[in-house]
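Q: I would like a close look at one part of this model. Please work outward from there, and keep the sentences short.

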Amino acid sequence: MKRGELVVVMFVLAIMLVGIVSASGVSSPYWDGKEANPLKMYKGEITTTNLNLQNMVGDDDVTYSVAIKEGASIASLVQGVYAVKAHTSDTMVPLRISVPSDAEIGDTTKVIVEFKSITSGTGGMVTMGTGMSVSFDVVVVEKPKGNLPITWIVAGIVVLVVLIWLISAGRKKRKK
Amino acid sequence: MEKKLVYFSVVVLMISLMTVSVTSAGYLDRFITGRVSAGVNVSVGITGIHPISDVAIDAIDAQTPTENGITYVPATVRVTDSDGGYDVESVSIVFTKSGEATRSDSSCDFVSAGGDTAVFLCNVSMWYYDLNADDWSALATATDKGNGSYINSTPVEFIYGLLKAMTISPSSISWGTLDAGDTDQSAIDDPTVITNTGNYNDTVGLTGLNLLGANSIDIFPATDFAVGVSDPACGGDQVNVSPINVTDSISSRGLGATEEFYYCVPTVPNIPTQEYSTANAGGSWIVSY
């Protein structure tokens with residue numbers, strides 16, 4: 001090669017050695033955008049929602065790095081890397097959401113969780129990987145006035161019956 | 001004492017009347033004939049004349065699509081018939097969502113019958129590319145065995161989740177040998193074929209990474225590359241280390257729905273001669289939904 005001439009040599013042969021398909025997927029019960037389905041929570045409420053990693057296509061295991069890109073003030077992850085076996089769809093990524101107790105009704109916080117496949121880093125000039133971001137709003141809503149649990153209702157009835165029985169027994173005693 | 005005995009007798013009589021089977025015969029019953037022999041088993045199928053009075057679907061859990069496959073969505077249907085649970089001929093169910101193909105189970109499985117209620121289990125196949133929505137609607141229909149009439153349930157809504165999933169091929173791209181100052185150099189093994197194996201339906205993104213030289217010092221900046229959905233891509237979007245939405249890209253939903261990315265180096269930079277790759281930088285470019 002001549003001096004001053006830039007030659008960028010690429011790893012053409014290496015391409016032959018790498019896999020031809022990279023596959024990945026993540027499913028979420030909440031999303032934004034078209035027909036958005038936000039997560040509705042009460043102030044002070046804490047919940048854990050599972051994001052679902054899938055690797056149903058291809059024969060190679062996939063490793064994902066996971067990071068919260070937005071909404072870290074209310075959302076947190078248990079771990080940052082997940083290995084997903086080939087032909088599986090049951091890897092769950094728990095996402096803990098905690099709404100502050102001083103939040104206002106109607107407050108909305110965007111949560112964005114980013115998934116990136118971690119490639120082997122070999123072969124080719126530019127290795128291609130896949131990534132997905134899960135994005136949804138967490139909306140603070142008013143807590144509905146809940147009905148009393150059935151156990152409390154039953155307990156109340158029992159107490160009432162006992163009270164009535166005690167009163168009537170007392171009266172009978174007085175009559176005697 | 002006598003009074004108590006009378007009350008007791010009346011109560012016993014009433015209980016007896018309530019527990020005795022009541023039978024009756026109409027005028028036409030005189031035409032029913034037959035000879036009964038001892039030791040012969042006779043089975044009679046009895047169907048009721050009363051129509052089904054109620055069809056109800058249990059709440060359906062939020063469903064997760066399966067990458068490039070089918071999710072079987074179970075739905076339990078309870079049918080009430082005053083003639084008894086066995087007087088239900090069949091149950092079917094349909095899932096609908098405006099603008100989407102209808103998914104259904106035309107013959108739900110009978111599970112059990114007790115009293116005036118029969119329980120059926122339906123299994124509906126939903127495809128990975130069916131639209132994510134929180135208002136997919138389930139409607140069951142039950143047909144009466146005795147009189148053939150049918151009745152619909154009240155619709156029940158359920159969530160079908162979002163699935164962002166794809167395959168890409170090939171898993172790397174190259175340019176062969178480039179000379180400094182060369183212009184409009186297309187990749188030799190593009191396009192990257194992106195197959196949508198989920199139900200995401202929007203633009204497709206790309207995040208670049210600077211290529212690093214074999215000496216781990218010199219870089220081939222990601223911004224010296226361009227990407228587009230048609231070939232050549234030299235006038236396409238500039239690749240960046242931060243995510244970009246590739247112009248005119250779309251992840252269509254459906255069987256075998258694909259998008260293609262083509263790449264170009266509009267002007268080869270003046271950098272030292274050596275091998276450059278993302279592998280040297282310990283990462284990759286990311287095609288993203």
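How many bridges join E10(A) to E23(B), and do these strands run parallel or antiparallel?

A: 4 bridges join E10(A) to E23(B), and the two strands run parallel. Strands (E, at least two residues) and helices (H or I, at least four residues) are DSSP runs, numbered from the N terminus. A pairing requires at least two DSSP bridges between two strands. One residue pair marks the spot: Thr130(A) has Val287(B) in E23(B) as its bridge partner.

First, the ground rules. The model is predicted, so local features need pLDDT of at least 70 and side-chain atom pairs count only at pLDDT 80 or more, while totals for chains, interfaces and linings use all residues. Residues are numbered from 1 along each chain as its sequence is written, and chains are lettered from A and ligands numbered from 1 in the order in which they are written.

Confidence comes next. The model has an ipTM of 0.75 and a pTM of 0.78. For chain B the average pLDDT (the predictor's confidence in each residue, from 0 to 100) is 87, and 84% of the residues score at least 70. In residues 16-38 of chain B, pLDDT falls below 50, and this stretch has 0 contacts in the model beyond near neighbours in sequence. A contact here means that two C-beta atoms, placed from the backbone, lie within 7 Å.

Now the core around the strand pair. Val287(B) is one of four residues that touch the most other members of the largest nonpolar core. The others are Val227(B), Phe261(B) and Tyr263(B), and the core holds 63 residues. Strand E10 of chain A, residues 126-140, supplies the largest share of this core, with 7 residues. A nonpolar core is a set of buried Ala, Val, Leu, Ile, Met, Phe, Trp, Tyr and Cys residues joined through C-beta atoms within 7 Å. Buried means 20 or more other C-beta atoms within 10 Å of a residue's own, exposed means 12 or fewer, and partly exposed lies in between; C-beta atoms are placed from the backbone.

Phe261(B) ties several pieces together. Leaving out residues up to four places away in sequence, Phe261(B) touches Val287(B), Val227(B), Val229(B), Val246(B), Leu206(B) and Ile194(B). Phe261(B) also touches Asp190(B), Pro191(B) and Thr192(B). Two of these contacts, Asp190(B) and Pro191(B), are joined by a cis peptide bond with omega about 10°. Pro191(B) sits in the loop between strand E13 (183-186) and strand E14 (192-196) of chain B. A further cis peptide bond joins Asp231(B) and Pro232(B), with omega about 0°. Pro232(B) is in the loop between strand E18 (226-228) and strand E19 (237-238) of chain B.

Step back to the interface. Chain B puts 56 residues in contact with 47 residues of chain A. On the chain B side, the elements giving two or more residues include strand E22 (274-277) and strand E23 (285-288). Strand E7 (133-144) and strand E10 (162-169) of chain B are also among them. E10(B) gives the largest share of that side, 8 residues. The classes on this side are 24 nonpolar, 25 polar and 7 charged residues. Ala, Val, Leu, Ile, Met, Phe, Trp, Tyr, Cys and Pro count as nonpolar; Asp, Glu, Lys and Arg as charged; the others, Gly among them, as polar.

Then the layout of chain B. The chain has 1 helix and 23 strands. Of its 289 residues, 36% count as buried. Among chain B contacts between residues at least 6 apart in sequence, 72% join residues at least 24 apart. Chain B divides into domain 1 (52-160) and domain 2 (166-288), with bounds from an automatic or database domain assignment. The C-alpha centres of these two domains of chain B lie 47 Å apart. Their contact takes 8 residues from domain 1 and 5 residues from domain 2. Apart from the 63-residue core lies another core, of 24 residues, including Val88(B), Cys108(B), Ala142(B) and Tyr160(B).

Finally, chain A beyond E10(A). 9 bridges join strand E4 (residues 46-55) of chain A to E8(A), running antiparallel. There, Leu51(A) stands opposite Val93(A). His87(A), in the loop between strand E7 (81-84) and strand E8 (88-98) of chain A, has a positive phi of about 65° although it is not a glycine. His87(A) counts as partly exposed because it has 13 C-beta neighbours inside 10 Å.
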